[in-house]
Every structure is written in C-alpha cells, then in structure tokens.
Amino acid sequence: MSTRIETYEQYKAAYEASVNNPEAFWAGVADQFSWRRKWDKVLEWNFTEPMVKWFANARLNITENCLDRHLAKRGSQPAIIWEPNGVDEPGRVMTYAELHSEVCRFASVLRSNGVQKGDRVCIYMGMVPELAVAMMACARIGAIHSVIFGGFSAQSIADRLQDAGARFIITCDGAYRGGKDIPLKNTVDDALQTSGGVERVIVFQRTHTAVSMIKGRDVWWHEEMAKVIDSGVTEAEEMEAEDPLFILYTSGSTGKPKGVVHTTAGYMVYATYSFENVFQPKEGEVHFCTADIGWITGHSYIVYGVLCAGGTSLMYEGIPTWPDAGRFWEIVDKYKVGILYTAPTAIRSLMAFGTDPLQGKDLSSLRVLGTVGEPINEEAWNWYNEHVGKRRCPIVDTWFQTENGGILISNLAGVTPSKTSYATLPLPGIQPILVDEQGKEITGNDVSGNLCIKFPWPSVIRTTWGDHERCRQNYFATYPGYYFTGDGCYRDSDGMYRITGRVDDVLNVSGHRIGTAELENAINMHTGVLESAVVGYPHDLKGQGIYAYVIMDSMPDDEPHTRADIAQTVARVIGSIAKPDKIQFVPGLPKTRSGKIMRRILRKIAEGELQQLGDVSTLLDPSVVEIIKDGRL
C-alpha cells in the first residue's frame, strides 16, 4: 500500500496530516481497498451519545478484501500456515485460493443451515484454521460472529450466547492444548442446558473423541461441507460500512461481560493500516502472532489485518512450553518466521527455562519482534532483545484494547524510536491526552494522568451489544468529550507514552482483562462464602496476580482444601484463567461508614506495602486492618 510509512520524517508528516485533516487522511488510506460503492461522507461523530460513523453509505464485504482481491496475484501464496499442538502431526498450509474456496463452501453451509444476514453466530473452537474459516464465512454472508475464547466455562458461554441472542454456535469435538485435551463440545452442551435459543450446533472433528450429537440440533462440519462440495464461489453479501462485523466480549468493572461491537469498514481499514505500519511486513514474510483468536489481537493480527494486507499468517494450536520450552524457536526455524508477536507473560515463562532451549535454533529469519497484552518489563525486554532478536530486531511494544480494534500506541518497527517498557508514540490518527481526576487536560511532558483519546479513529468501539447506554457510561461518561481507556499513563520528557496499568476495577492477568466484580460474583457463589474483595498484586510471571480476601460463614477447618474448592468454583463460573492466585480468609473487610470497601488498603497489603496504608481512622472498624495485615499470604 502507498500508505506505508518508511521513515521517521514520513511518520511525523503522516501524523500531522492525520490530525490536521483526518477525513482526507483516512480517505487516502481507505482508497487502497476494494469497495462496491464509495462513501458519501468520511466521518460523522460525537463522543456524547456516543455516535461514530466512518465512510457513510459505502458498500463492501471484508472477505473480498481479505481473499478475492488477492487471488490473481497471490492465489498460490500461503495465507494461513497451521502448526498443530503435537510435534508428530503434520502442519497445514492453506493458500489464498484454498482459503477462499473453504470460506465460500462454509458460507454455503451456514446459509443451508438457516444463517441469515444480521444473525449472531458464536464460535467456540480451538486454534485450528477452521476457526478463521468460520469467522470469514460469517462475514461473507453478513452474519455477525462472536468468538468465545476456548478457555471459558459453560456459564461464560451461556452468558455470551444469551446476551448476543445467538441461534447458532460452531465448535469442535475437542481441542489439544499442551498436554491437555479440552472437551469443547461437552462444554457447549453444558452451556446450552442453561441458555435457550440455539437452533444449530456445527461441530468440527479435531480430536475424534466421542461426543453427544443431538438429533435436529447438532451437525458435523465435514458432513455439511460434503453437501456443498460443488457450490463454487459464494457471492459475498453487500454490507454497509457501519454494519456490525463482530461482537467480542470483554470484562468490565461491573460483573457482566460487555459485548464490544466493531463494524465492517472502519475496523478493516484500521486493522490493516496498523498491521502494515507497526510491523512493516515484507512481501511473502511469515507473520507469527501467538495470541488466541478468541482475543482482539488474534482477530486483527492473525486474521483480518494480515489477510487484508496480503500477508502470510502462522497459527499455532499449542502453548510455548509444549512439549518443551524450545517449541516457539522450533516453529520460527521450521517456517522461517520473519515477525514474532507474543505476550510478555510468554516471554517471562520462557526466560525461566534459561537459554538452553534456544541452543541450536537458527533464528536468523527473525526481523521484527513484538509484544502485546500488557506493558513489558525491562528484564523481559532485554532478554527478548538479546537472546531472541540477537540485538538486530526492533521490538514493537504495542498498546491497544478490545474496544480499539487495532494498535493505537507503538513504535513502528525500524522506523520510529523504541524505548524499553514504553509503548512510545501514537499511530497516525490517534490523539491521546492525559487528564487529571477532574478531567482537566494535563499538558506538557514528564507528567502522569489518566489516558484518554479525544478524536475517533476508524476502529473505535461503536456500541456494546444491546446496551448503548452501557457503552456511554463505560467509555465516554467519566471524562465528557473523551474516550477513556481505563489506563493510567506517563508521558516522558520526549513525549513518549508509558502505560502504568489499570485505574479502574479491572485486572490485567497474563494479558487477559478480568473485572474484579466478575471475580467476586463467582467467589460469592461458593457455598459458605459471605463476601469477598479482589485486588491485583505484582506477579513475576503473569504481570498481575489475583488476590482474594474472603469472608466465610465460619472459618474453614481445612484452609488449603477450601481454597482449592473456591478456585474450582471460579473456574466453573468464568474459566481457569480467572482462578485466584492467593485466597486469604478474613473476619471482615476495611469499609467506610457508608459501606464502601477501601480497596486501596487491600491492594497495599497484597503488594506488601504494609507501612504505607494511609489514614485508616475513618473506617467503620479500623482494627480489621491489623488482622488482615497479620494474616497476609
């Protein structure tokens, strides 16, 4: 694309143009895509309702941009390379032509099973290429997909199915992940016992384990595909620019997950633009993003952004340490990976094994390294730089959120400066500001504040599914006129941005956002629990750990057993990723006279800062603080 930035001077010019005349800037970027009909107006917006519309009245289909337009030039180029969990199983390569064919066939399957434009289709699958096929087949016929991370529980699936009003779900019999077999279909069956409304379950055979197939509701993927083997090219549904493309659920500071809605044109334009400029991919280069497609990183930087740009995306089914800690490096070698994009949590877990797993691995194909999910600490950055990148690969430290659609703040690989533990500079079109608690802008450099964005970019959240007021309250009401990220931030003397962590009641555990209210609701469902309070604390591996203070109806006789039971309850309600790391049984919680829990005090105790608790005299029962301090785990 001609909108590729290749020098620092070009970055500064592009950024200035994007701020001075955003509509002309984004129209220029959007011109690179295939449209059925061009837009009448580039942008309408306000952050009060909020209302954001990009490329009004334009018509397109995102899959024509991911697939069809590449066929003439890239039909035989690998689109998706798949590396399975097991080392003895062969991988798969799907060219653009093959992927186009599979998407068209599965789009026909969806139509023949009653899926129509605007229907919501939930997808709960392992990391297999068919997950990407299912997403794009939905987009091809105008259905709205909602991918549910394969680690979520039956209850979490039921909540999402119900909120989305989904009548269809696509799953696998099971999934392989490390040394575990994950029973996906059984979990879906459990979810459907509490969530009505699903008419059809399409099951892809991955593990060939025995599963229950309900007559009239459940069908096999391979049998349905066999019926449409000669279906040819499925005509792509013409979509309006602002038609929803997908819903992706994310934790908030209240208990119920929020269905973040991204729309077709703006998301496509920004995901692609950010991929091209942050990672600076070269023709034919293999891009290995290790995220799960169940998160926004996987949506944008395994599927849509990479394929729209005509890239080659590597999908890995397993985990970094299976069957040993050299697996990532073997994959890099095997496929001559050029770009490696992973999480600080993964880097820290691999650091723990030392450099032996790297011995004998030729990593010379690596050109760009990236990190995502949380700010990377300096020790991990240095290890990644020295031992993986051999001090010759730029590291892009990317910051964005589910609600953003694509990377908002990051250095551009080899183009703009990097700084250890800093996201650095905003991408063109992104206008960040720092505000104080009253919402007053903090100007100048060498300052800290709450990170807001004052102008829309093409892939900004449009609404939360079925509850627009919740979208307004969560993102646009705290500081009127601004999108509030929920993150604290420091801007250094050079104007570079460093994310300092959440300032609301949301934890960032191994790059996964988990709301404290959601966690507390799950803990409180356990028999014998009267009340709980959850805070985060520094964790060597996960970045942030989960510390739960729990009041029981009577102190347990066997504390370790009760802790394990509570953790299991949380896993059943939310998923294993949400299990508390520490559970401290307490007789009470530090509350104000109005009943508000002073989380600041609990956080300090969890962090071990026992001498810096501040004034506790205003609490209803100050003595409880000493008891909690004495019992700290």
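Let's start with a pair of strands: strand 16, covering residues 286-289, runs parallel to strand 18, residues 337-342, and four bridges link the two. Along this pairing, Phe 288 sits opposite Leu 340 of strand 18. Keep in mind as you look around that this is a predicted model.

Now widen the view. Strands 16 and 18 belong to an open sheet of seven strands, ordered 5-4-17-16-18-19-20, with mixed pairing. At its edges you will find strand 5 (92-95) and strand 20 (395-397), each of which pairs on one side only. From one strand to the next, the twist averages 20°. A helix also meets this sheet: helix 14, residues 378-388, lies across strands 18, 19 and 20, and its direction makes an angle of about 160° with strand 19 (368-371).

Follow the chain on from helix 14 and you come to Lys 390, in the loop between that helix and strand 20. Lys 390 is worth a pause: this residue is not a glycine, yet its phi is positive, at about 55°. With a relative accessible area of 43%, Lys 390 counts as partly exposed.

There is another residue with a positive phi to visit. Phe 55, also not a glycine, has a phi of about 60°. Phe 55 is part of strand 2. Is Phe 55 buried or exposed? Its relative accessible area is 0%, and because buried means under 20%, Phe 55 is buried.

While you are at strand 2, look at the loop that leads into it. Pro 50 lies in the loop between strand 1 (41-46) and strand 2 (51-56). The peptide bond joining Glu 49 to Pro 50 is cis, with an omega of about -10°. Another cis peptide bond runs from Trp 322 to Pro 323, where omega is near -5°. Pro 323 takes its place in the loop between strand 17 (312-316) and helix 12 (327-335), and strand 17 brings us back to the seven-stranded sheet.

Our last stop is another open sheet, this one made of five strands in the order 22-21-23-25-26, with antiparallel pairing. Strand 22 (441-442) and strand 26 (497-502) each have a single partner strand, so one side of each is left without a neighbour in the sheet. Where does strand 26 find its pairing? It pairs with strand 25, residues 483-491, in the antiparallel sense over five bridges. To see one of these contacts by residue, find Gly 488, whose bridge partner in strand 26 is Gly 501.

Key:
Residues numbered from 1 in each chain as written. Predicted model: local features only at pLDDT ≥ 70, side-chain atom pairs only at ≥ 80, totals over all residues. Heavy atoms only, no water. Pairing = 2+ DSSP bridges. Axes fitted to C-alpha atoms, helices over the stretch in contact; angles between N-to-C directions. Contact = heavy atoms within 4.5 Å. Buried < 20%, exposed > 50% of the residue type's maximum accessible area, 1.4 Å probe, protein only.
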